[in-house]
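Got your viewer open and the cartoon view on? Let's take a short walk, one selection at a time.

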There are 2 protein chains.
Amino acid sequence: MSISRRSLLRGSAATLAGLSVSSFAIGKTAAAVAENTADLPDFTASNSPFQIPTQDAPLMLHFNENPIGMSLKAQKAAIQAIPMANRYADPAVPPLRKLAADYHKVKEDNILFSAGSSDAIRICIAAHASPETQFVIPDLTYGDGEFFANAYGLKITKIPSNPNNWAIDLNGMQSAVTDYSGPSIVYLVNPNNPTSTIVNSAEVESWIKSKPKGTIFIIDEAYAEFVNNPDYRSVDHLIAEGLDNVLLLKTFSKIHAMAGMRVGYTVATAEKIKQLSIYVEDDALTLSYPSILAATESMKDKPFLQFSKKSNDVAKSIYIDLLKELQLEYLPSETNFIFHRIPGELATFKQRMQEQHILVGRAFPPADGWCRMSIGTPDEMIYVTEKMREFRKKGWV
Amino acid sequence: MSISRRSLLRGSAATLAGLSVSSFAIGKTAAAVAENTADLPDFTASNSPFQIPTQDAPLMLHFNENPIGMSLKAQKAAIQAIPMANRYADPAVPPLRKLAADYHKVKEDNILFSAGSSDAIRICIAAHASPETQFVIPDLTYGDGEFFANAYGLKITKIPSNPNNWAIDLNGMQSAVTDYSGPSIVYLVNPNNPTSTIVNSAEVESWIKSKPKGTIFIIDEAYAEFVNNPDYRSVDHLIAEGLDNVLLLKTFSKIHAMAGMRVGYTVATAEKIKQLSIYVEDDALTLSYPSILAATESMKDKPFLQFSKKSNDVAKSIYIDLLKELQLEYLPSETNFIFHRIPGELATFKQRMQEQHILVGRAFPPADGWCRMSIGTPDEMIYVTEKMREFRKKGWV
């Protein structure tokens, strides 16, 4: 039995002893984890086993972080970088650039690194900002795009999504571009945050390929590696084909569990990358030595990446079972978080969860009555489900 | 005897055995190190003792890096950050921001972090770029300013320095600002790179305080902590006094020996910082978790910072003695590098040094016949002096 599964059971036992978790849930979860991870090596040895959350060490389900910790190979590489970090690290970047290029089947000069993908959002907007530019987004999406579009004085055009399922109105976005006389930047997060859902890849590609005049597409695929829907695909092949109206954003913060290492990148045609590059320092100098070596090892650590995906799938299924049990509506999640309805005010629910030392997602207007729950480890989600059942008994959810 | 001194002697002994270093130089150096560091704890235990450089492990005296390695306390903090680096690190930034603010006797909202100070140069230029703006620099200074000024389409105004000693012509720069009808950005690196010299602090302050119309001063003090001249002072107090026409740039790459950790910052009035902040992502997200914790510990590690300065002073004095001995003209160095004349072409000298596995500074036109030599450890500089004496015997220097 791997340490991760032992850890799971140890955690569950602790939960059981103190908190009357139903044995059904535990048995089912342990079996699911065992089944799904039987052929995978263990990656969580460096992490503590599950601990009941406290005020000082709350359960952090509010930032879509990856709870399993970085690949141990990546951690080792990061540690080895530290005694060398009195030196500039740019000579260490080429192997990472090659791995990123290979991953997307593009060339090295199609990659521009940045300190996470949030700086990539800024770079892409800055490079295409003009006083006449409109910034087209769904009304419920990741906020950094709108933040920087506002900062650079762009006109924000928000297209309402379906308030029942927050489905993005791609046709509405297309009309907004067509009806506008000036240049447009379309920012599309796919899978989307906070909704966890995807838009149809074929429709997005078709729109990009139609090359609407004066329009740049920023496609943010931060969560792509968590997707299970077989119809989903990255837009990276459009860049490999030479399309210069699309900028793909990627991050190491999610599947690689490296949010604190600040590694992200943009994929685009070589000419576009050159245009973007003046909006950040030399991209090989924007990453730290430990971050470069960790990202390099993490990209090579395929078993870790498989485990990262599986752990999320298993933990998510535990929470989905709970949502079904409580008959709380949720959107089909293709990410490491899930967007579900709660009765009453989010602020009240959030506060009650915080009293249990569980931190959940912030408000995402206009989606009142919805909560974005980041997916923790299977252990953590068992704990959350038990708290949710207690809340149900109290009539809170 | 501390490990650093043992390391020095071990290195020197190795040098002596293989390479006939004059015992005078070794004895003098060891005594100087012993005298200067007697009351300081040892910080170099984690670094290897001096090794004769090889093609695979050359002596790197070409990037003004700090050869002693990061503070061991900083290294330890960086290592401790790695298992937590699946989490976003921005909550760890406030103590570092406080330390940086205290260091300059300003407030936390006077600090904007960036991935090294080279991104700070870009940010400051981007925030003040207009098609009419001129960028005023001495003709021999750090190149990143000119690079980004060109990238943003600014008019570059280079003021020739005295070709005998590369003294910056402050009066000439002032005239360039006065004579220009549009806005100006003045970029002044003090101490300057590659010349290693300082400009008169009182004159710089007086110019800034005169508030020339439409003029922003970017004062880059990357090397300030190495200065020995008692007349030198930082411009930080001008910002504390509320002057909003000056932006001070700082880096952890030099005295803190953290070039590969990518930590720098801008000091300016709160209003200016707000204006600059849209040209980089949330500044607390631009730094990696290991970098934040390492920088925090390094700022607190005063004995390390003292050692870092002393090691440079001692190593520099070894090289200056050599330059005197060989009667090679050099500029008074206030940094961790030294700018000195060489006979003949730099390319030839550089190539010959490289054949000895010693990498020295690149060409800095228009300063033909000058070499920028970064200062290594005392051990390393003993090795370099011996090679230089061999070169003299061959008539190469």
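Here is the tour, starting with a sheet and moving on to a helix. This is a predicted model, where local features need pLDDT of at least 70, side-chain atom pairs count only at pLDDT 80 or more, and totals for chains, interfaces and linings use all residues. Residues are numbered from 1 along each chain as its sequence is written, chains are lettered from A and ligands numbered from 1 in the order in which they are written, and side-chain values use heavy atoms, leaving out hydrogens and water.

**Stop one: the sheet.** Select the strands of chain B (DSSP E runs of at least two residues, numbered from the N terminus). Seven of them make an open, mixed sheet, ordered β2-β8-β7-β6-β5-β3-β4; strands pair if DSSP finds at least two bridges between them. Which strands stand at the edges? They are β2 (111-114) and β4 (155-159) of chain B, each with a single partner strand, so one side of each has no neighbour in the sheet.

**Stop two: a strand pair.** Now pick β6 (residues 215-220) and β7 (residues 246-251) of chain B, which run parallel over 4 bridges. Zoom in on B:D220: its bridge partner in β7(B) is B:L249.

**Stop three: a helix on the sheet.** Select α8 (residues 201-209) of chain B, a helix (a DSSP H or I run of at least four residues). α8(B) packs on the sheet, touching β5 (184-189), β6 and β7 of chain B, with contact meaning heavy atoms within 4.5 Å. Colour B:S201, B:V204, B:E205, B:W207 and B:I208, which are buried (under 20% relative accessible area, 1.4 Å probe, protein chains only).

Definitions and conventions. Axes fitted to C-alpha atoms, helices over the stretch in contact; angles between N-to-C directions. Buried < 20%, exposed > 50% of the residue type's maximum accessible area, 1.4 Å probe, protein only.
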